[in-house]
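Visitor: I am new to this structure and would like a close look at a single part of it. Please set that part in the context of the whole chain.

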Amino acid sequence: MLHLTSLLLIILINVVEAADMVSISVVGHTGPMVEGTWYELRCDVQKVAPDQLLTVRWYKGQTLLTDTSFNDSIKTPVDKSATYWIFANTTDDGAEYRCEAVLRQRQAGPQPPTTEMSEPLLVTVYCNCPVVLQPPAVVVEYGTSVSANCSTSKSHFGMAWEVPQGAVDPQEGVQLITWNLSRLEDWDIKPLCYINIKNQTKPDKRHLPVIVYKTPDNVSISIVGHTGPVTEGTQYELQCDVQNVAPVHRLTVKWYKGQTLLTDTFFNDPTKTPVNQSATLQISPSRADDAADYWCEAELRLGPAAPQPPPTMKSDPLHITVHYGPEISDCPEYVWLKEGENLEGYCSVTGNPLPEPRWLKAGKPTDPTSPLRRTENRHNYTMYINEDTRQHLMVFVMYGPEISCRKHITVLENDKVEPNCTAEGFPPPEVTWFKEEQRVYFPKRMQRADAGKYVLVAVNNSTSNHTLEIEVQYSPSGIMGLNDQSVTQGSNVDLNCTSSAWPRPDYEWIYHPEPNVRIVSEDGVSKLSIASASGNNTGTYTCIASNTLGKTNLTVRVDVQGAEALCPLIVNPFNVVLEYRQSVVVECNTSVSPSDLHWEFLNHRVNNGTLLVNSSQFKNWDETPRCTGKFIGLDTCTKHVDITLYKTPDNVYNSIVNHTGPVIEGRQYELQCDVQNVAPVHRLTVKWYKGQTLLKDTFFNDSIKTPVNQSATLQISPSRADDAADYWCEAELRLEPAAPQPPPTMKSNPLNITVHYAPQIVSRMNSVLVPIFSDVSLNCSAEGNPEPTVMWSFKNQTIITGRRQSTLTISRATSANAGIYTCTATSLSWSQTREVKVEEDYRFLLISVFIIVFIIIFLIILVAYKKKRTRKYDITRNNNCMAMKPLKNN
């Protein structure tokens with residue numbers, strides 16, 4: 001446990017020996033603190049173990065504030081942190097905070113120091129007062145100059161430095177005064193700057209923190225109460241004397257062995273004037289410390305305002321000589337030496353002063369430099385220094401292995417081999433077999449891959465080896481270098497065949513012979529070459545490798561892309577159109593001798609080139625007879641007969657979907673053609689006719705090959721011109737050129753349709769002039785189906801009715817007969833009307849009156865003319881003195 005505690009303390013010392021292993025800082029803050037505010041201080045301890053023994057102590061100046069302990073069970077070095085809260089006030093201005101890492105001891109006894117102190121943290125508190133000091137703190141060596149400024153931005157009636165040395169009297173009208181001293185000789189000086197602020201009853205004051213230091217006059221190291229060499233295992237106390245140093249609480253004494261920092265010693269003495277100070281270190285030297293240099297160094301830790309690096313002074317080194325008793329090492333109980341070697345220098349002797357050993361063999365003096373022989377194996381030797389220090393040894397003399405073994409063995413594959421080789425030597429050698437640097441164990445059942453050279457390695461104090469060649473004879477297997485080939489038409493192809501066998505194998509090829517194929521064998525490889533490959537070279541190629549022990553073969557395939565592989569089968573006919581319940585004979589022949597030629601049909605094999613195909617045996621109407629032939633070197637070749645099995649319909653009939661009787665003009669109707677029990681459907685075409693005119697073809701994509709009922713439809717919209725027309729459909733099987741010609745067909749019976757259409761009046765009269773008192777006839781005729789009824793009406797009264805036409809006769813027409821006459825043609829729910837306007841015609845009467853009047857006037861004029869002419873004649877005669885008598889009856 002003491003050793004473990006020492007180890008833990010050494011771990012801690014090793015941790016803190018590096019710079020800044022224990023440090024103090026303000027969490028989340030830099031610069032001056034504000035009065036009346038809480039601040040968190042953090043102490044970081046790096047790489048400490050075990051942390052359950054760690055305590056962190058907090059100091060303000062020389063005053064211990066509190067401590068923090070840890071209870072974790074972590075034993076490996078870790079980084080730990082502790083925190084402490086302070087409330088900033090003016091009393092903290094210029095204060096120094098420190099933290100100290102202490103590793104608690106588990107048991108009593110002398111232990112190295114186990115503490116590490118952080119550098120001080122100088123605190124400046126901003127109190128919102130008008131007094132500003134620059135710098136806020138000073139570190140000055142005793143007897144040297146010092147200066148500091150005191151300034152303010154406030155109005156005042158006097159500011160001054162109050163200090164025993166270099167005081168500055170109150171001054172007005174300035175904002176800055178300087179305390180300047182050329183030689184500081186006060187160890188506890190406390191400069192105070194005060195300002196009398198206007199409108200304040202008390203002046204504002206602020207102290208300037210001053211650290212006055214002095215480096216040591218001398219630093220020396222010595223062993224307390226001892227001179228001369230030290231003895232291993234004895235405890236001594238080293239003392240470091242530091243003369244005339246100040247201040248002591250800033251002093252650190254660092255202890256070194258060589259360049260290794262052992263520990264630090266800190267002081268808490270508040271004395272500020274120079275004093276002599278001593279530190280001690282407990283050591284217990286070991287032989288490893290012989291000729292070591294111990295020294296100490298005094299360092300003043302004066303804070304960040306001090307000169308950098310900190311003032312130090314080293315002691316002269318203390319060189320120690322460690323005396324320790326004789327000891328024999330590197331001399332085990334059993335010693336193994338090679339033949340010809342000796343014992344000189346074999347065992348090591350240490351001690352200060354160094355002793356002189358002797359060697360004994362069987363209790364008698366012997367020369368350790370004499371070479372040893374194998375005959376001296378297992379002898380007892382003693383190294384002797386004194387009665388208390390001696391070492392007994394059993395010496396074994398070693399010599400290398402000597403191997404006895406054959407050089408060559410021949411075996412058959414699967415035979416068990418035991419080389420029966422021996423190796424002698426001392427110690428008895430370890431024998432190991434290797435093949436190609438892999439370890440091998442015998443006896444071993446040999447395989448072909450096991451043939452080769454085996455190395456026997458015998459090892460004791462030296463190594464010997466022997467090479468044995470084992471020849472394994474085996475039959476060929478695992479043909480190599482032969483792979484499937486896929487080449488383009490016209491390419492050259494090389495097939496390489498080789499087999500691992502011993503003795504070497506002979507090769508044979510099996511393939512379909514072609515003129516462009518040749519075989520060359522050389523150097524253990526058989527090569528089959530194809531020049532300008534064609535489709536006839538597509539197929540399989542078998543290479544057979546054989547020796548006296550057996551044979552093996554491998555078949556590969558050659559595919560010639562872009563060329564059709566040779567298939568020497570001839571099927572006749574190859575395309576058959578066969579009516580259901582009929583039969584046909586097909587033949588399969590070949591131009592190459594096959595190993596097998598047969599038909600496969602309806603799950604039966606027919607070993608014959610002639611096949612009778614009976615369609616009555618078809619089950620699903622999709623049977624395909626296949627002729628298969630196997631040929632040497634060629635693929636299994638198959639050709640089939642394409643059989644189209646058909647059946648003409650049992651019946652074909654035509655109808656109007658969901659309708660009977662006459663059809664109506666302008667309405668749409670769907671005609672349906674039903675084809676019963678026909679196959680195959682995808683070969684079926686339904687043709688639609690009106691009279692002898694082909695209207696439409698209907699095709700089918702149904703893949704069903706067995707007989708089915710199939711329907712086709714045709715949309716029609718009859719007109720009156722279609723009345724009494726015959727619609728019919730025809731089923732036709734399109735069976736390719738091999739089918740009977742013309743193609744098989746079946747017609748439906750004609751569907752005669754009667755078209756009912758609305759009546760249409762064909763008369764063109766719009767109006768009629770009827771001479772007064774004359775006779776007139778009005779004729780109205782109409783066309784329609786069914787035959788329309790035609791009637792005349794006048795003034796909403798039916799006058800006359802007829803079938804298809806009606807004639808209205810008016811005798812001796814008068815004004816009472818004038819007006820609108822309506823002709824109406826009706827059929828079923830249809831009707832059509834036409835109006836005829838009848839008017840009185842007075843033109844004949846007027847002409848007659850005019851003529852009569854004209855005749856009367858003409859007669860009157862004529863009579864008058866004749867009378868005038870007669871009277872003129874009488875006068876003329878009278879004038880001629882001729883008596884003229886009136887004529888009578890003239």
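Guide: What follows starts with the whole chain and then turns to one strand and its partners. The model is a predicted one.

The chain contains two helices and 76 strands. Its C-alpha atoms fill a box of roughly 225 × 125 × 60 Å along the principal axes. The radius of gyration is 72 Å, whereas a compact globule of 890 residues would have one near 29 Å. Of the 890 residues, 39% count as buried. The chain exposes about 49100 Å², and carbon and sulfur atoms supply 49% of that area. Among contacts between residues at least 6 apart in sequence, 64% join residues at least 24 apart. As for charge, there are 79 positive and 94 negative side chains, and the centres of the two sets lie 22 Å apart.

The part chosen for the close look is strand 32, which covers residues 358-361. Strand 32 pairs with strand 33 and also with strand 34.

Strand 33 consists of residues 364-365 and runs antiparallel to strand 32, with two bridges joining them. L360 stands opposite P365 of strand 33. These two strands form a hairpin, with two residues between them. One residue in the turn is A362, which has a positive phi of about 55 degrees.

The other partner, strand 34, covers residues 379-386. Strand 34 and strand 32 also pair in the antiparallel sense, here over four bridges. Within this pairing, K361 has Y381 of strand 34 as its bridge partner.

Definitions and conventions. Residues are numbered from 1 along each chain as its sequence is written. This is a predicted model: local features need pLDDT of at least 70, side-chain atom pairs count only at pLDDT 80 or more; totals for chains, interfaces and linings use all residues. Side-chain values use heavy atoms; hydrogens and water are left out. The radius of gyration is taken over C-alpha atoms; the globule rule is 2.2 Å times the number of residues to the power 0.38. Buried means under 20% relative accessible area, exposed over 50%, partly exposed in between (1.4 Å probe, protein chains only). Contact means heavy atoms within 4.5 Å. Accessible areas come from the Shrake-Rupley method with a 1.4 Å probe; for residues, only the protein chains shown count as cover. Lys and Arg count as positive and Asp and Glu as negative; His and the chain ends are not counted. The place of a charge is taken as NZ of Lys, CZ of Arg, CG of Asp or CD of Glu. Two strands pair if DSSP finds at least two bridges between them.
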